[in-house]
Amino acid sequence: MDLIDVLIVEDDAKIAQTHSEILRQTARFNPIGIAETLQMARTMIKIHKPNVIILDNYLPDGTGIDLFRELIADKSMHKTNVVLVTASDEIETIKTAMKLGCFDYLLKPVSYERLQETLNRFLALNTAMKAYDNLEQRQIDELFNMQLRDKQQQSLPKGIESITLETIKRVFSQNIGIRFTVEKLVLETGISKTTARRYLEYCSANGLLTAENEYGKVGRPERVYVKNGDNIQ
């Protein structure tokens, strides 16, 4: 599977390293470097052409939101997805980021769980976009709902994100009767084993999938999951 290259633009070395470690621990995300200034960021964007930029708003030579504007206005600059890191009182900045099409915005201090949620959401959306060749209206509606984080998320328990859930449900809907292990789902979606196991058990507990223990000749039984005619939703 293709790696998702991520540039971290952050002048606080400790925060930047934390972001980098989280990316390394997340399947398919590849931290390509850290830029401490806007000038460094411009150079690294031209050279590396990242898929995602985690962009701090306050930097020694300007603001992240100004760099975001440049990326949109300058036709020669590589177009990328921006996750803006802001302070809680920057309401106008957040409004501007929304208008510019920012993928997400994180409030400082950024928690591990919240950044992980953003990465999972981007991965799910990226996977879904590549899965479609000729789009029907239903599929277009589904992608827009994923990007906007539909209201279903409000009713889901902690640790279960609607976009990742929809991606997994789609995999099973396209493979009725096929038995999936955690490892097979990881290969199919690119999410981590821990995340795959959590979502599979959630789907099983809520009747979306059927789970069974499959016994081999030796060793511990393997947990397998399947979607059939009895649990189609």
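Which element gives the largest share of the lining of the largest pocket? Helix 5 does, with 6 residues. The legends below, drawn from a predicted model, begin with the whole chain and return to this helix in later views.

**Figure 1. The predicted chain contains 9 helices and 9 strands.** Of its 233 residues, 44% are buried. Among contacts with a separation of 6 or more, 57% are between residues 24 or more positions apart in the chain.

**Figure 2. Five strands form an open sheet with parallel pairing.** The order of the 5 strands across the sheet is 2-1-3-6-7. Strand 2 (29–35) and strand 7 (104–107) are the edge strands, and each of them pairs on one side only. From one strand to the next, the twist averages 20°. As a general principle, strands of a sheet pair through backbone hydrogen bonds, in either a parallel or an antiparallel manner.

**Figure 3. Strand 6 (residues 81–86) pairs with strand 3 and with strand 7.** Strand 3 and strand 6 run parallel and are joined by 5 bridges. One bridge partnership here is that of V52 with N81 in strand 6. On the pairing with strand 7, the strands again run parallel, with 4 bridges between them. V83 has D104 of strand 7 as its bridge partner, and T86 stands opposite L107 in strand 7. How many of the 6 residues of strand 6 are buried? The number is 5, and strand 6 is therefore largely enclosed by the rest of the structure. In general, the side chains of a regular strand alternate between the two faces of the sheet.

**Figure 4. Helix 4 (residues 91–100) lies across two strands of the sheet.** The strands in question are strand 6 and strand 7. Helix 4 runs at about 175° to strand 6.

**Figure 5. The largest pocket has a volume of about 440 Å³.** A total of 18 residues line this pocket, and those closest to its centre are E113, Q116, E117, N120 and R198. Two elements, helix 5 (112–131) and helix 9 (193–205), each give two or more residues to the lining. The largest share, 6 residues, belongs to helix 5. Sorted by class, the pocket lining consists of 9 polar, 6 charged and 3 nonpolar residues.

**Figure 6. N120 is a residue of helix 5.** Is N120 buried or exposed? Its relative accessibility is 9%, and N120 counts as buried because the cut-off for that class is under 20%. When residues up to four places away in sequence are not counted, N120 touches T164 and T195. N120 is among the residues closest to the centre of the largest pocket, and N120 is also one of the residues that line the largest cavity.

**Figure 7. The largest cavity holds about 60 Å³ of space.** Rolling a probe the size of a water molecule over the atoms shows where empty space is left. In this model, the count comes to 2 cavities of 30 Å³ or more. The lining of the largest cavity is made up of N120, L123, A124, T127, T164, T167, I168, T189 and I191. At least two lining residues come from each of helix 5 and helix 7 (162–173). Helix 5 supplies the largest share, 4 residues. What classes of residue are found in this lining? There are 5 polar and 4 nonpolar residues, with no charged residues.

**Figure 8. The second largest cavity has a volume of about 40 Å³.** K169, F172, C203, L208, L209 and K227 form its lining. By class, 4 of these residues are nonpolar and 2 are charged, while no polar residues are present.

Notes: Residues numbered from 1 in each chain as written. Predicted model: local features only at pLDDT ≥ 70, side-chain atom pairs only at ≥ 80, totals over all residues. Heavy atoms only, no water. Pairing = 2+ DSSP bridges. Axes fitted to C-alpha atoms, helices over the stretch in contact; angles between N-to-C directions. Contact = heavy atoms within 4.5 Å. 1 Å grid on protein atoms, 1.4 Å probe; cavity = no way out; pocket = protein on both sides within 12 Å on 5 of 7 lines; lining within 4 Å. Points joined across faces, edges and corners; volume = space filled by probe spheres on them. Nonpolar A, V, L, I, M, F, W, Y, C, P; charged D, E, K, R; others polar. Buried < 20%, exposed > 50% of the residue type's maximum accessible area, 1.4 Å probe, protein only.
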